[in-house]
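The following exercises concern helix geometry and surface character. Each task is followed by a worked solution.

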Amino acid sequence: MTAKNHTGESTFLLLGLSDDPQLQPLLFGVFLSMYLISVLRNLLIILAVTSDLHLHTHMYFFLSNLSFEDICFTSTTVRKMLVDIQTQRKDISYPECLTQVYFFLVFVGMDNFLLTVMAYDCFVAICHPLNYPFIMNPHFCGLLVLMCWLLIFCISLIHVLLLRKLTFYPGTTIPHFFCELALQVASSDTLINDIWMYLAIVLFGVVLALGIFFSYDHILSSLMKLSNMASKHKAFSTCGSHLRVVSLFYGTGLGVYLSSAVSSSAHRSKVASVMYTVVTPMLNPFIYSLRNQDVMGALERLGGRVVSCLDGL
């Protein structure tokens, strides 16, 4: 069988999570529930931040962007998987696969950028509190997020353009539930793609992670110098939620990498990817809201306004 370059008729076959027909209704129900919880909870965070004046701060501005990104991130993979389970189809066209790869990379990369920016925000707030209003001014915060979006758009586009140069056998099977692993099933030389991928891993997995580590190293050093326990507790509560989200994101991301690099088991790779692409975006809003009185208060006020509007109807 000869390899073909990208054409409008080329398709891939996504194996999904399981071939067992008896498991399909259960998988559909579980992942639909998780997807709806993730979208609704993150949407509530966005509505609470935008509608409540108490949350019009830099930290919650970044949090609303993270919630928007989590909605887009989980929608990139889960919606296609749900459609495939419901329709009993596994095929995905070449353009659809490239589109999914592009947006998957965009939102994974943006998650990395936002978590690093939020760590820097905590660092400035705790280590340089007097200069915080001047350093983290609204103009700078907006510009910072905009630059992150533009940068990840360009990086992801380069990756997809390099993918377009590869060839694939017709009907290539991808042992996954989304197209993130398309590079591994190419039939042509992937040296340039591998080099670019490792450079991207160094940027997202090493440089940005070091930025977060640097921020928290200075934060802990500053907290150790504080003698006031109330100030220490307030600082820990401010950064604790972010640190838990960072641990969850990088922990599941490392699990995905190790499951594909160390183990040849496709099942383990799929389980790790589910944790990374579905569970993490679902848990993030709970982590940020359950022990945060400001967010919980804003959600209660938002709910009260919704109830008042419904009563008025």
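**Exercise 1.** Identify the residues that form the nonpolar surface patch in this predicted model, and classify the exposure of Phe153.

*Solution.* Step 1: the nonpolar patch consists of Leu143, Leu146, Met147, Leu150 and Phe153. Together these residues have about 440 Å² of accessible area. Step 2: Phe153 belongs to helix α5, which covers residues 138–163. Step 3: the relative accessibility of Phe153 is 32%. Partly exposed denotes the range between the buried limit of 20% and the exposed limit of 50%; Phe153 therefore counts as partly exposed.

**Exercise 2.** Compare the span of helix α2 with its expected value, then describe its bend, its burial and the residue that follows.

*Solution.* Step 1: α2 comprises 30 residues, 58–87, and at 1.5 Å a residue it should span 44 Å. Step 2: the C-alpha atoms at its ends lie 44 Å apart, so the two values agree. Step 3: α2 nevertheless has a kink of about 40 degrees, with its centre on Ser75. Step 4: of the 30 residues in α2, 22 are buried, and the helix is mostly covered. Step 5: Gln88 follows α2 and has a positive phi, near 60 degrees.

**Exercise 3.** Carry out the span analysis for helix α6, and locate its bend and its buried residues.

*Solution.* Step 1: α6 runs over residues 191–224, 34 in number, with an expected span of 50 Å at 1.5 Å a residue. Step 2: the distance from its first C-alpha to its last is 48 Å, close to that expectation. Step 3: a bend of about 25 degrees occurs at Val202. Step 4: buried residues of α6 include Ala200, Phe204, Leu208 and Ile212. Step 5: an α-helix has 3.6 residues a turn, so residues three or four places apart point the same way.

Conventions. Residues numbered from 1 in each chain as written. Predicted model: local features only at pLDDT ≥ 70, side-chain atom pairs only at ≥ 80, totals over all residues. Heavy atoms only, no water. Helix = DSSP H or I, 4+ residues; strand = E, 2+ residues; numbered from the N terminus. Expected span 1.5 Å × (residues − 1). Bend = angle between axes of the 7 residues up to and from the residue. Buried < 20%, exposed > 50% of the residue type's maximum accessible area, 1.4 Å probe, protein only. Patch = residues over 30% accessible without salt bridge, like charges linked within 9 Å, V, L, I, M, F, W, Y side chains within 5 Å. Areas by Shrake-Rupley, 256 points an atom, 1.4 Å probe, with all protein chains shown as cover. Salt bridge = Lys/Arg side-chain N within 4 Å of Asp/Glu carboxyl O.
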